Amino acid sequence: MEISKTTWWMIGGASVAVIGVGVFWFFNNRLKNQNTSNLANSKLGLGTPINLKTTAGVRQVPNWNNAFDMNYTDEVKRWLQPKSIVEISSTTAKKYAEQLKNAKGTFNDNEEIVKIIFSKHLKDKTNVSSISKAFLLRYKIDMWQHLSSFLSATELNQYVTQAVKQLPNYTTV
């Protein structure tokens with residue numbers, strides 16, 4: 001059985017299309033992974049940290065606008081040494097992370113739970129950082145990236161960004 005020229009062209013065209021989709025998918029995912037942290041930083045208008053001179057050396061001031069960074073709480077603790085801060089428990093952070101993960105539905109998203117968590121349950125920006133850390137460790141995805149996957153830009157600004165901006169940086173014991 002001999003294959004005609006038309007059949008060869010169809011097989012070749014289909015192969016080129018499959019390879020093209022694969023290359024697009026590969027580079028698109030790679031670009032998304034590189035821009036995950038940049039997206040959160042650009043939404044919150046982050047700047048660069050400031051160094052303060054102390055008698056013991058240089059102490060780096062935390063970037064107060066970077067509450068979604070999972071290391072924010074550790075930076076605040078280092079900056080405030082020997083004072084200590086009030087933190088939410090890891091159990092509570094995991095519970096809020098789970099609620100935020102489940103807020104994205106198949107047909108209907110639960111924006112109300114996002115609004116309630118960020119506006120009523122969180123006391124300071126270190127709480128946001130703790131939840132972000134719990135979210136990343138448990139679900140292997142950035143919390144900001146997850147929220148932006150189902151909330152519109154207006155909802156993100158209203159329910160998340162503005163609520164976080166109004167929170168104090170930390171609460172001391």
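Mentor: Let's begin with a term we need: a nonpolar patch is made of residues with over 30% relative accessible area and no salt bridge, whose nonpolar side chains are joined within 5 Å. Keep in mind that we are looking at a predicted model.

Trainee: Thanks! Which residues make the nonpolar surface patch here?

Mentor: Ile19, Val23, Trp25, Phe26 and Phe27 make it, and the patch covers about 560 Å². One of them, Phe26, sits in helix α1, which spans residues 5–44.

Trainee: What makes Phe26 partly exposed?

Mentor: Its relative accessible area is 44%. Partly exposed is the class between under 20%, which is buried, and over 50%, which is exposed, so Phe26 with its 44% is partly exposed. A patch residue needs over 30%, and the 44% of Phe26 passes that cut-off too.

Trainee: And across the chain, how many residues are there, and what percentage count as buried?

Mentor: The protein chain has 173 residues, and 29% of them count as buried.

Trainee: What does the secondary structure of the protein chain come to?

Mentor: There are 7 helices and 2 strands. Read from the N terminus, the order is α-β-β-α-α-α-α-α-α.

Trainee: On to charges. How many salt bridges does a search of the whole structure find?

Mentor: The search finds 2. In one of them, the side chains of Lys77 and Glu87 meet at 2.8 Å, N to O. This pair links distant parts of the chain, with Lys77 in helix α2 and Glu87 in the loop between α2 and α3 (90–102), 10 residues apart.

Trainee: How do you know that the contact of Lys77 and Glu87 is a salt bridge?

Mentor: The cut-off is a Lys or Arg side-chain nitrogen within 4 Å of a carboxyl oxygen of Asp or Glu. The distance for Lys77 and Glu87 is 2.8 Å, so the pair qualifies. Lys77, at 33% relative accessibility, counts as partly exposed, and so does Glu87 at 36%.

Trainee: What about the side chains of Arg138 and Glu98, how far apart are they, N to O?

Mentor: They meet in a salt bridge at 3.8 Å, N to O. That value is within the 4 Å cut-off, so the name applies. Arg138 belongs to helix α5 (residues 125–139) and Glu98 to helix α3, so the bridge ties together parts that are 40 residues apart in sequence. Arg138 is partly exposed at 46%, as is Glu98 at 34%.

Trainee: Which backbone feature does the peptide bond from Gln81 to Pro82 have?

Mentor: That bond is cis, with omega near 5°. Pro82 is found in the loop between α2 and α3.

Trainee: Lys140 caught my eye too. What makes Lys140 count as exposed?

Mentor: Exposed requires over 50%, and Lys140 has 68% relative accessibility, so it earns the label. Lys140 also has a positive phi of about 60° although it is not a glycine, and its place is the loop between α5 and α6 (143–150).

Trainee: Last topic: how much space lies in the second largest pocket?

Mentor: About 160 Å³. It is lined by 11 residues, of which Gln60, Val61, Pro62, Glu75 and Arg78 are the closest to its centre. Strand β2 (57–61) and helix α2 (72–80) each contribute at least two lining residues.

Trainee: What classes does the lining of the second largest pocket have?

Mentor: It has 4 nonpolar, 3 polar and 4 charged residues. Glu and Arg count as charged and Val and Pro as nonpolar, so Glu75 and Arg78 are charged lining residues, while Val61 and Pro62 are nonpolar ones.

Note on methods. Residues numbered from 1 in each chain as written. Predicted model: local features only at pLDDT ≥ 70, side-chain atom pairs only at ≥ 80, totals over all residues. Heavy atoms only, no water. 1 Å grid on protein atoms, 1.4 Å probe; cavity = no way out; pocket = protein on both sides within 12 Å on 5 of 7 lines; lining within 4 Å. Points joined across faces, edges and corners; volume = space filled by probe spheres on them. Helix = DSSP H or I, 4+ residues; strand = E, 2+ residues; numbered from the N terminus. Patch = residues over 30% accessible without salt bridge, like charges linked within 9 Å, V, L, I, M, F, W, Y side chains within 5 Å. Areas by Shrake-Rupley, 256 points an atom, 1.4 Å probe, with all protein chains shown as cover. Buried < 20%, exposed > 50% of the residue type's maximum accessible area, 1.4 Å probe, protein only.
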